[in-house]
Amino acid sequence: MVDALTILTLLLVIVTLLPLWRHPHWLVRGWDFPRLQLAVFALFLLIANAFAQSHWLVIVVCFVCLGWQLWWILPYTRLWRQEVKTANGENSHRRLRIITANVLTPNRQANKLITLVHQYQADVLVTLESDDWWQSQLDTLETQLPYTMKCPLDNLYGMHVYARFPLEDTSVEFLIEDDVPSMHALMMLPCGEKIRMHFLHPAPPSPTENPASAERDAELILVARSVSESAQPIIVTGDLNDVAWSSTTRLFRKISGLLDPRVGRGMFNTFHADYPFLRWPLDHIFHSHHFRLRQIQRLPSIGSDHFALFTELYLEPSAAQKENGLQAEAEDEEWAEEIIQEQNVSDENVPRPGQ
């Protein structure tokens with residue numbers, strides 16, 4: 001029994017240490033995802049080793065692994081200080097309601113998503129994996145959301161945006177890979193303020209798609225660097241195929257200076273919808289310090305392997321929340337530069353709507 005627990009503890013140590021290695025291969029980067037599950041596993045081993053009276057060093061190792069995993073995931077619980085303040089304003093012209101939904105291309109339950117758009121009175125619907133069939137269904141929303149951006153694809157990377165408010169300087173770009181688009185636009189709110197919007201869905205590191213995370217990481221860093229010096233209100237949302245608590249998402253937040261409204265509120269795990277014990281936050285929304293949060297929640301199933309994410313933001317240009325975000329250090333800037341150089345791209349390729 002003690003020998004078996006020792007072997008399991010050794011495996012725990014390996015999968016805990018692997019993400020510290022910055023190698024982009026999916027076998028390394030993949031262990032960023034199940035930190036919650038690994039924390040539960042570490043707690044189980046800690047208790048089991050204590051009852052089995054294993055060597056004290058084994059018990060200490062389990063405790064350290066548990067503490068390390070908790071360090072990453074605790075910010076996405078109510079035990080942490082909220083990064084984004086709660087909005088108190090009531091001016092509806094400064095409010096923005098966004099639904100971000102990976103619809104799963106072969107899913108044919110579009111009515112569920114359309115119902116949620118009406119129920120939550122969304123001002124913006126962002127869909128990922130939407131093809132021509134999905135476009136034909138979602139076009140019925142144009143009476144309420146008349147401003148659109150459309151890029152239907154049948155390769156699981158189609159993307160659509162339906163908006164209530166005018167979109168300017170719109171562009172569909174293929175920043176890193178020729179078949180993986182991103183969308184960029186300037187949105188005019190009824191109050192007259194303009195918001196810079198970026199909609200992303202980079203390919204994940206996986207044995208069936210990209211064997212490494214290099215392409216995903218480069219796209220995130222390109223966008224992060226493009227917004228880092230902007231004084232505009234900014235929103236970045238989409239299925240980033242990365243978890244909120246990974247080192248690369250933290251790097252994105254540091255370089256961009258954007259805030260994560262989930263910090264201090266919850267994980268809002270959106271994937272996998274069919275397996276409650278294997279879920280993590282893949283669908284994201286980040287924004288500049290100009291916004292405060294009215295609400296954020298995971299929506300009911302739409303038949304996809306993802307749940308949709310609903311976020312209601314309130315534009316407060318005077319909001320002083322810069323001190324709440326993560327700060328980039330010299331080491332972070334160097335790592336970001338390495339990621340960009342490996343792909344031989346420039347952040348000048350990222351559209352800067354309104355500038």
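**Note on a predicted model: two surface patches and the overall fold**

1. Glutamate 342 lies in helix H9, which covers residues 330-343; the model in which it is seen here is a predicted one. With a relative accessibility of 57%, glutamate 342 counts as exposed, because the cut-off for that class is over 50%.

2. Glutamate 342 also belongs to a negative surface patch, whose other members are Glu229, Glu333, Glu334 and Glu338. A reader who wants to find this patch in the structure may start from helix H9, residues 330-343, where glutamate 342 is found.

3. A second patch, nonpolar in character, is made by Trp56, Leu57, Val60, Phe63 and Val64, and its area is about 550 Å². Tryptophan 56, one of its members, is found in helix H4, which runs over residues 56-73. The relative accessible area of tryptophan 56 is 59%, so this residue is exposed, given that exposed means over 50%.

4. Turning to the fold as a whole, the protein chain has nine helices and 11 strands. Its radius of gyration is 21 Å, close to the 20 Å that the globule rule gives for 355 residues, and the protein chain is therefore as compact as a globular protein of that length.

5. Taken along the principal axes, the box filled by the C-alpha atoms of the protein chain is roughly 65 × 45 × 45 Å. Of the 355 residues of the protein chain, 57% count as buried, a class that requires under 20% relative accessible area, whereas glutamate 342 and tryptophan 56 are exposed.

Conventions: Residues numbered from 1 in each chain as written. Predicted model: local features only at pLDDT ≥ 70, side-chain atom pairs only at ≥ 80, totals over all residues. Heavy atoms only, no water. Patch = residues over 30% accessible without salt bridge, like charges linked within 9 Å, V, L, I, M, F, W, Y side chains within 5 Å. Areas by Shrake-Rupley, 256 points an atom, 1.4 Å probe, with all protein chains shown as cover. Salt bridge = Lys/Arg side-chain N within 4 Å of Asp/Glu carboxyl O. Lys, Arg positive; Asp, Glu negative; His and termini not counted. Charge placed at Lys NZ, Arg CZ, Asp CG, Glu CD. Helix = DSSP H or I, 4+ residues; strand = E, 2+ residues; numbered from the N terminus. Buried < 20%, exposed > 50% of the residue type's maximum accessible area, 1.4 Å probe, protein only. Rg over C-alpha atoms; globule rule 2.2 N^0.38 Å.
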